[in-house]
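Hi there,

Here is the structure I promised to pass on to you. Please open it alongside this email, and then read on for my notes.

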Amino acid sequence: MSPPRIRPWLTAAAAGLVGLVVGATLSLGAQSARSQPIPIFTLPPTVSPSVDPAVDLVPKDLRTRPIEDTTFLAWTPGGLTPGFDASATKLRGISDVVVVASDTTWMARSFDTDHRLVDDPRPPFDIPIEASSVRPRDFEGFLAPQYRSVIAQLADGEGVISESSAKVRGIGEGGVMEMRVAQHPSRTVPIRIAAVLPDVFVGATELLVASEVGAPLGVNNDRYALMIPRGQPSDEQLENQLRTFISADTPLQVREPGDTPYPRHGDAVLPQVMLKLQFGEFAARPRPGDPGNLQIDPRWRKQNIRLVHLPLVGDVQCHKDVLPQLRGILGELIDRSHSDVIHTEHGCYVPKFMSNVPNSSVSHHAWGVAIDFNLAGNAFGATPHQPKALVRTMERWGFVWGGDWITPDGNHFEWHGPPKEPAASG
C-alpha cells in the first residue's frame with residue numbers, strides 16, 4: 001500500500017489562508033437566527049504557491065446571483081420532517097420542491113482523470129466526506145440552465161463535486177471517488193465525477209449523487225429543502241405556509257433568495273469543505289465501540305494539534321493555527337480587567353461528530369478550532385447567560401458564539417475567520 005496522500009499543501013496553505021475573508025456567522029453546527037449576505041472568499045496574495053491565487057474560493061456566480069432568484073431555503077435542526085416534499089408540494093403557494101439529504105460518508109481512495117491514485121489513507125482510516133443526495137428530476141429546475149446537463153449523469157449513477165471540493169481533492173471531471181458501502185464497509189463503490197459545479201448550486205457539499213446512489217453510502221437524512229414559491233412571498237409568509245405541517249415547537253429556518261451564500265442546512269455554518277481548505281484534511285474512523293466520536297490519524301494530529309498552557313484557561317489542546325487568536329482573546333480580557341468572565345473551559349480539540357451523533361456533520365472540535373466556556377448556565381438548547389464582555393471579545397477576534405443560533409449552544413465558540421477589527425482602546 002502506498003503512503004497516503006492527504007494533500008500536504010492543505011496544511012502548508014493553512015498559514016497563508018489565515019487571511020481568508022469570511023462574513024457574518026459561519027461555523028459547523030452554527031445555526032444563526034438570521035444571516036446577512038456574506039462577502040466573497042478570496043485567497044490572499046501570500047497563499048502557498050501550490051494553490052492558484054487567481055482562483056476564488058467562492059465561484060464568480062456568487063458575485064452577481066447567489067442562486068436562482070426565486071429559490072427559497074428551509075431546514076430544521078436534526079433533519080426535515082418525513083414527507084416534507086410531498087407536504088410542501090400540496091401547498092398552493094409552492095411550485096417546485098427538492099429535498100436534499102446529507103450525511104458523513106467515507107472515502108477509501110480517489111483517482112484523477114488519468115486513473116492515477118490521489119488519496120490513499122492508510123488503514124484503518126478513511127477520509128470523511130460530506131455527501132449529499134437528491135432525486136435528479138426534482139433537482140433539475142434549481143440549477144442554472146448551463147448546468148442541467150448533469151442531471152442525466154446523476155441519474156446514471158455518477159457524481160458531482162463542488163468547486164471547493166475539487167480544490168481539496170485535486171481531482172475534477174472524470175476523476176473517481178471510491179466510497180465505502182455503509183452496511184458493508186469492506187466493499188467500495190466507485191463514483192465517477194461527471195462535473196464540477198459552483199459551490200452555491202450544490203450547497204458546497206463535497207459530493208452530490210442521486211438518492212439511490214447515496215442511500216448505500218449512508219446518505220439517508222433529509223436535511224434541507226429548496227423551494228420555488230408562486231408569487232413573491234417573504235420568508236415569514238413562506239414559513240407560515242410550512243407551519244401547516246411543521247409543528248410550532250420545531251425550530252424552522254426559512255431563507256429568502258440572497259439571504260445566504262450556501263443554500264443548505266445549518267446555512268450559517270462554514271461548510272466542511274471550507275474547513276478542510278483552511279485547516280487541512282484528516283483521515284479518521286468512528287471510534288470502535290463509541291461511533292459518535294472519531295479516531296483521527298495520529299500523523300495529522302501530531303502535525304496540527306498542540307497542547308499548550310493558556311492564561312485563564314490552563315492546559316488545552318487546539319489546532320496550532322488558532323492559538324494566536326486565542327492568546328489574543330485571553331490577553332485582551334486580562335488587559336481590560338475581564339479575567340472573571342471565564343469560569344470553566346470544556347475542550348477545544350475533541351474529535352467527534354456533531355452532538356456525538358454518528359455520521360452527522362463532523363464537529364469543528366475535531367479540527368481543534370472550537371472551544372467551550374462556562375457550561376453552567378449555558379447548556380445546549382438553554383437560554384444562554386454568557387458575559388457580554390466575553391462574547392464581544394471572542395467575536396472581535398474572529399470566533400462566533402453558539403448562543404445566537406436557532407438552537408442555542410451558549411457555551412460554544414468556534415473559529416470564524418481572522419480578527420474583525422482592532423480592539424477599541426480605553
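Below are some notes on a pocket and on two hairpins.

Please keep in mind that this is a predicted model.

Let me begin with the pocket, since you may want to look there yourself. The second largest pocket has a volume of about 370 Å³. It is lined by 18 residues, and those closest to its centre are Trp106, Ala182, Pro185, Pro286 and Asn359. By residue class, the lining divides into 8 nonpolar, 6 polar and 4 charged. Three strands, β2 (94-111), β6 (176-181) and β11, each supply at least two of the lining residues. The largest share comes from β2, with 4 residues.

β11 also belongs to a hairpin. This strand (residues 284-287) runs antiparallel to β12 (residues 290-296), and 4 bridges join the two. Arg287 stands opposite Asp290 in β12. The hairpin has 2 residues between its strands, and Gly289 in the turn has a positive phi of about 80°.

Further along the chain, which strands make the other hairpin? They are β13 (residues 305-310) and β14 (residues 314-319), an antiparallel pair joined by 6 bridges. Within this pair, Arg306 has Cys318 of β14 as its bridge partner. Here 3 residues lie between the strands, and Leu312 takes a positive phi near 70°.

As you look at these strands, one general point may help: side chains in a regular strand alternate between the two faces of the sheet.

Happy browsing, and best wishes!

Note on methods: Residues are numbered from 1 along each chain as its sequence is written. Side-chain values use heavy atoms; hydrogens and water are left out. Two strands pair if DSSP finds at least two bridges between them. On a 1 Å grid over the protein atoms alone, a cavity is a set of points where a 1.4 Å probe fits but cannot get out, and a pocket is an open set with protein on both sides within 12 Å along at least five of seven lines; lining residues have an atom within 4 Å of a point. Grid points are joined across faces, edges and corners, and a volume is the space filled by probe spheres set on the points. Ala, Val, Leu, Ile, Met, Phe, Trp, Tyr, Cys and Pro count as nonpolar, Asp, Glu, Lys and Arg as charged, and the others, Gly among them, as polar.
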